[in-house]
Amino acid sequence: MASEEIAEAESVLQSFERRFLAARTLRSFPWQSLEEKLRDSSGPELLLNILQKTVKHPLCVKHPPSVKYVRCFLSELIRKPSGDSVTLSESTAIVSHGTTGLVTWDAALYLAEWAIENPAAFAHRTVLELGSGAGLTGLAICKTCCPSTYVFSDCHSCVLEQLRGNILLNGLSLEPDTTDPERHPGHNAHDTESPRVTVAQLDWDVVTAPELAAFRPDVIIAADVLYCPETVMSLVRVLQRLSACLKDQQAPEAYIAFTVRSPETCWLFTNELGQTGIPWEAVPHHNQKLFPYEEHLDMAILKLIL
C-alpha cells in the first residue's frame, strides 16, 4: 500500500475511534470515506482495525457503551461491505407486557452468527422458527442464507405485532398468516429471490399435529427458549409432535441455541430428548463474532434429527 493510502486509512481509523469513544451520533462518522477505502484490497483489514479501535477498544471493554449504541454502530458498519443490514424495533425492558419476547436475547445473536457462517443449512429450504421474539435471527437468515420459505412464530400478541413490524421494516413482504396446507407459503414453489415469509401464532401447548404438518419444515430453529422446566417440556412436546407428523418426508433438522444459565435445565432438555427418541449432537462453536454479547457466556447449539 502506498504511503498516501496508508495515511488516508489511518485518518479514517482515527476518526472512527474518536467519534465512537465520544459516543457521537452515527451520522457524524465518515461513512463515505470508509466506503471509498473499502474498495481497496486493504478493505477487510481496515474493518478489523475499526472493530479493534471501537467495539473492542480497551476502554469499551472496561466501560461498555450502551448495547443499543453498539448494535446500531455494528449494523451500519456491517452494512458497508455487504450492502445489507438488519433493523429492529424492540423493547428496552427485559420483561414487558407479560413476556420476554420483545427483546433480543444473546442466544439469538449467537445462532444468527452461526447461520451467517453456515448458509447451506438453510438455503432453498423451508424454515420454521419457534419462539421468534423480536425476529433478529430469522431476519438475518432471510437476508443472508436464501431460504425458500421462512415461518416466524410466537404465541404472544404483542410479540407478533412487533415481529410483523420488524419484518416489514426490513423490506420483506408478508404472506397471509394461515396453517391451511393448500394456502400455506410452503405449498407451492416460490419464483422470486426473496423468501416467502409468514408469521404464525403458535402456542406450543395447544398446537395440533395437523397444524404443525401444514408448515412442512425442512429446518426448525429456536433460540433462548430453555429458560425454565415448563418451557423445556413444552418445547420437547412440540418437537415430538413435529417428528411424528413429518414421517412421510425427509427428516427435518432442528437447531436449538441457548445460554447455559442452569445446568439442570440443560440436562432436563437433553434427557427428555433421549426419552422421546430424538437424537442430538452439539454443534461446534463458530469462528466469527458479529454481534455484541458477553463473551464469557456459555452458549451452545444442539442439532436434532426429528
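**Exercise 1. A helix over the sheet edge**

Task: In this predicted model, determine which strands helix α8 lies across, and at what angle the helix runs to β3.

Solution. Helix α8, which spans residues 157-169, lies across β2 and β3, and the angle at which α8 runs to β3 is about 170°. Since angles over 145 degrees count as roughly antiparallel, this pair of directions falls in that class.

**Exercise 2. The sheet and its edges**

Task: Work out the strand order of the open sheet, and identify which strands are at its edges.

Solution. The sheet is open, has 7 strands in the order β3-β2-β1-β4-β5-β7-β6, and shows mixed pairing. The edge strands are β3 and β6 (280-282), each of which pairs on one side only. On average, and with direction ignored, neighbouring strands of this sheet are turned by 20° against each other. Helix α10 packs on the sheet as well, where it touches β1 (126-130), β4, β5 (253-259) and β7 (299-305), and its direction makes about 155° with that of β1.

**Exercise 3. Strand β3 and its partner**

Task: Establish how many bridges join β2 to β3, which residues of β3 are the bridge partners of Y150 and V151, and whether β3 is largely enclosed or open.

Solution. Strand β2 (residues 149-154) is joined to β3 by 6 bridges, and the two strands run parallel. Within this pairing, Y150 has V197 of β3 as its bridge partner, while V151 has T198 of β3. Turning to burial, for which the cut-off is under 20% relative accessible area, 5 of the 6 residues of β3 (residues 196-201) are buried, so the strand is largely enclosed by the rest of the structure.

**Exercise 4. Two helix pairs**

Task: For α1 with α2 and for α10 with α11, find the packing angle, classify it, and describe the contact.

Solution, first pair. Helix α1 (residues 3-21) packs with helix α2 (residues 31-38) at an angle of about 140°, their axes being 10 Å apart. That value makes α1 oblique to α2, and their crossing is left-handed. From α1, the residues E5, E8, A9, V12 and F16 make the contact, and from α2 they are W31, S33, L34 and K37. Sorted by class, the contact of α1 with α2 has 5 nonpolar, 1 polar and 3 charged residues.

Solution, second pair. Helix α10 (residues 229-245) and helix α11 (residues 263-276) pack at about 25°, with axes 10 Å apart. Because angles under 35 degrees count as roughly parallel, α10 and α11 are roughly parallel to each other. The crossing of α10 and α11 is right-handed. On the α10 side the contact is made by P229, V232, M233, L235, V236, L239 and Q240, and on the α11 side by T265, L268, F269, E272, L273 and T276. The contact of α10 with α11 divides into 9 nonpolar, 3 polar and 1 charged.

**Exercise 5. Positive phi outside glycine**

Task: Locate C146 and R216 in the chain, and decide how exposed C146 and R216 are.

Solution. As background, most residues other than glycine have a negative phi. C146, although not a glycine, has a positive phi of about 55°; it is found in the loop between α7 (136-144) and β2, and with a relative accessible area of 46% C146 is partly exposed. R216 is likewise not a glycine, and has a positive phi of about 50°. The loop that holds R216 runs between α9 (209-215) and β4 (219-223), and R216 is partly exposed, its relative accessible area being 35%.

Terms used. Residues are numbered from 1 along each chain as its sequence is written. This is a predicted model: local features need pLDDT of at least 70, side-chain atom pairs count only at pLDDT 80 or more; totals for chains, interfaces and linings use all residues. Side-chain values use heavy atoms; hydrogens and water are left out. Axes are lines fitted to C-alpha atoms, for helices over the stretch in contact, and angles run from 0 to 180 degrees between N-to-C directions. Helices (H or I, at least four residues) and strands (E, at least two) are DSSP runs, numbered from the N terminus. Angles under 35 degrees count as roughly parallel, over 145 as roughly antiparallel, 65 to 115 as roughly perpendicular and the rest as oblique. A crossing is left-handed if the near helix is turned anticlockwise from the far one by less than a right angle, and right-handed if clockwise. Contact means heavy atoms within 4.5 Å. Ala, Val, Leu, Ile, Met, Phe, Trp, Tyr, Cys and Pro count as nonpolar, Asp, Glu, Lys and Arg as charged, and the others, Gly among them, as polar. Buried means under 20% relative accessible area, exposed over 50%, partly exposed in between (1.4 Å probe, protein chains only). Two strands pair if DSSP finds at least two bridges between them.
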